[in-house]
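Hi there,

Here is the structure I promised to pass on. Have a look at it first, and then read on for what turned up.

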Amino acid sequence: MWHQSFGLLGKSYAHDTTGSFFLGKWLRIPLYPVSLCSAVVDVAIQDYVADVAAELIYQNKSQTSTEVLFVFPLGPHMAIYSFQARSEDAKVHAVLQDEVQQLHEATGGWENLEYLRDQSEYPGEAFACFLGTLSPGREVVMTLRYVQELPREPDGAARFVLSPTLHPYRTHYVWNCRTSKLHYSLLLTASLQSPRGVVNVQANFALTPLIYTAQDHSTAQVSLAGSPQCHHDLELLVYYGDPTAVSAVVEKGDPEAPPGSLLGDPMVLVTLAPSIPEAVPGQRQSGEFIFLLNTTFLEHAQDSLLFLLKSLPLGCYFNIYCYEETSVGIYSQSVEYTQDNLTEAMRRIPSTGSSLGDSNLLETLRSVYNTPRPHRHPRQLFIFMAGLPPDVETIAAEVCRHRNSHRCFSFCFSEDSAALAMALAKETGGEAAYVSSDSSMSLVVLKCLKQALKPAAEGVSLSWTLPRGLEVEVLGGTPQSIFQGQHNLLYAQIHGQAQDTTVAKGIMTLQYSLDGQDVTYTTEFPLCPQGDGRLAGHRLAARCLMKRLLPESVSGSGEEPRHRAVEISLTSGIICPFTSYVGVCTPQRVTWYQRPLALFPPRQSLIPCQIVELRGSRISSCHPKSIWVPPGWLTAVRASWLALRQLTHDIAALPQRGACSKACKPPPPLFSSLKYVDRMEFGLCSSILWRWCPEAAAKCQELVALQNADGSWALSSGLASVLEVDEDEIKGKMPDEVMEPSIWATVLAVTWLHRHDEYYQDLCELLEAKAVTWLCSQAGSQLDKCLETANTLLGSSVKPSVFRL
């Protein structure tokens, strides 16, 4: 069993049941955690960045020598900048080298790290260092330092979670029983700093009282009190004063670094978190939505495309690229979402593609980026990938170059393209999903569309007021849009020498547009910053700057971007694509008769040490491997549907209207047990039900195809067919108060959807909201009578609240 905590893993020198010995390679031999004896962790939190220094002591408590490997998973906003391991006899220190030197090729044991790539359940990057053999009873001490960007909670708190490697509670078992006490000592201390003042600290473990170390409460300290519970992660929430939409914290530079260098000049840590109200579902909304479709999507997911396009809101812009056919969009540039444009777009989409592979994705992306964006409409791309396209690095660099101008929602249909899909989404602040079947695709895509429809602050800009002689450089640029629920952490470096030293503060101004209204925030920050010299902001800024240099290096813009990235990497200790780790081993004393660590000879040597990309089997999927449901629920669902299929067959010939719909409706007692199931998890499982009732899916798709772009339905024979009511009867039952037949038709369609909302709630939520908004603007007092008549005609009991009555 592999755990996210990892830490120090071992493999004993022992033979398997076949009698074969395996020495030096981890093949067919399980890994297990080596005992952690103590952990001392010192955390420095500065607004929304953290610097963590940890010392971990491991001991081999088995009776045999053990080969050990230290593995530290890296979160998406985390970077190691220092690591060393030491025993009584030797010390290993991880250093960064320019990959041109290729020193790691001279070291052995890389097959162990390659084996590690395939054994983890969870994908992602991890720092790994192979340390050789640890004798029985011997200890090894690990010292590591890392920096991390912290998420901002909706209430403004900075949220810090201790890495599971430093608190590996998941591995504490005694005789197969989980214990309530830690089997190691943990000492955790946190120093907190913010010019806005530290107001409060909350945690899911016992803390010592908050101690302020400055009169203005700008610095404080807190520590772990006693031994924490070992059943969960350790989380810390830090609250600051004046939680406004913008904050600026200045970190002083390294006095030993030359002025003008990345580490030498002060760094401003800027947090942008505009307050953005919720959008009313179904109303007009800004935004540019561009869909990049491939052959697989067109051949197997016409229904998903239908739901996707019909769910877009009025007021937005859209375009479609079938990038295996051509890199040119259906329209030369995005057009307004209207009925005519939607009809034309769907007519021009080919039903199938003519080529295999995602060969034109790069050129299509360049085509999109060269197309002007509608003013005040945030750009979001929906990218569908069937396989791994060529020029992966160039594609990633192209998206990285334009990351401030858009978001990517990427969907992959094969595991080989999952890494690229996740990288594109991560780089731009979007989401990625692995789609495993046609029946689940619509649910996955619409879930991402709901996320994409969140309102945004548009036209974001920063301006600075500083004394003459000083200037500010925002590393990585400023995002053009910030979406609801997002916060952006920017790094701005102050260069130069102030001519007027009496001015102690600078001013930063944030401007953006929200719902057509211009919003402005200003904040002051000191020009003579204080700090503990740990340079967390500078190192994270280095990581940000190296990302900006990567596209220039990949595009072949000369050697200067690469040389600059290597220089920043080597000076900051943060790895980049052009550098690699090398473990340098030096002896503490000469030892000829034993190997306390196998690779510790009486002279300096190199050992395997690098960032490993864990391939992992748990890709983000629409069908999670573990969904907690009441015992026997899925068995009950299958049994009920088998019975319902027979029931459908028995009553198919009955003359009553809606027989199929009623037959496909599951019995209430079955679904009453779903109160314990997360609603989204059930939505992701609902494709199971669709496979047993294809008639319900077909009817829903027919209804959606008939809906207009504004959310309304026309009174037509097609609608009557879906409702399974004669068209003349529908017209005859229309209330006299109704002056427009489309109002009556739309009420009937929404009522029909709600009659079967156990199927359609997740699929048709956006469509229904658009329809209800249209009805509220058109029907007025006619709605009450329409709903009453519709319930009678369809045999339903939809409540007035559905129509906002």
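Setting aside its neighbours within four places in sequence, Gln-285 is in contact with Ala-279, Pro-313, Leu-314, Gly-315, Cys-316, Leu-453, Lys-454 and Pro-455. Please keep in mind that this is a predicted model. Gln-285 sits in the loop between strand S19 (267–272) and strand S20 (288–293). Is Gln-285 buried or exposed? Its relative accessibility is 17%, so Gln-285 counts as buried, the cut-off being under 20%. One of its contacts, Leu-453, is 168 residues away along the chain, yet the two C-alpha atoms are separated by 8.1 Å.

Just after that loop comes S20, and six of its six residues are buried. In a regular strand, side chains alternate between the two faces of the sheet. In S20 both faces are covered, with Glu-288, Ile-290 and Leu-292 buried on one side and Phe-289, Phe-291 and Leu-293 buried on the other.

Which strands does S20 pair with? Strand S21 (residues 317–322) runs parallel to S20 and is joined to it by six bridges, with Phe-289 opposite Phe-318. Strand S23 (residues 379–385) also pairs with S20 in the parallel sense, over five bridges, and there Leu-292 has Ile-383 as its bridge partner.

Ile-383 leads on to Ser-410, since it is among the contacts of that residue. Ser-410 belongs to strand S24 (residues 406–412), and its relative accessible area is 0%, so it is buried. Beyond four places in sequence, Ser-410 also touches Met-385, Ala-421, Met-422, Leu-424, Ala-425, Glu-431, Ala-432 and Ala-433.

You may also want to look at the second largest pocket, which holds about 740 Å³ of space. It is lined by 44 residues, and those closest to its centre are Gln-193, Ser-194, Pro-195, Ser-218 and Val-249. The lining divides into 19 nonpolar, 15 polar and 10 charged residues. Among the strands that each supply at least two lining residues are S13 (185–193), S16 (219–223) and S18 (246–251).

Finally, the chain as a whole. There are 21 helices and 34 strands, and 53% of the 805 residues count as buried. Of the contacts with a separation of 6 or more, 75% are between residues 24 or more positions apart. The accessible surface comes to about 35,000 Å², with 51% of it belonging to carbon and sulfur atoms.

Best wishes

Notes:
Residues are numbered from 1 along each chain as its sequence is written. This is a predicted model: local features need pLDDT of at least 70, side-chain atom pairs count only at pLDDT 80 or more; totals for chains, interfaces and linings use all residues. Side-chain values use heavy atoms; hydrogens and water are left out. On a 1 Å grid over the protein atoms alone, a cavity is a set of points where a 1.4 Å probe fits but cannot get out, and a pocket is an open set with protein on both sides within 12 Å along at least five of seven lines; lining residues have an atom within 4 Å of a point. Grid points are joined across faces, edges and corners, and a volume is the space filled by probe spheres set on the points. Helices (H or I, at least four residues) and strands (E, at least two) are DSSP runs, numbered from the N terminus. Ala, Val, Leu, Ile, Met, Phe, Trp, Tyr, Cys and Pro count as nonpolar, Asp, Glu, Lys and Arg as charged, and the others, Gly among them, as polar. Buried means under 20% relative accessible area, exposed over 50%, partly exposed in between (1.4 Å probe, protein chains only). Contact means heavy atoms within 4.5 Å. Accessible areas come from the Shrake-Rupley method with a 1.4 Å probe; for residues, only the protein chains shown count as cover. Two strands pair if DSSP finds at least two bridges between them.
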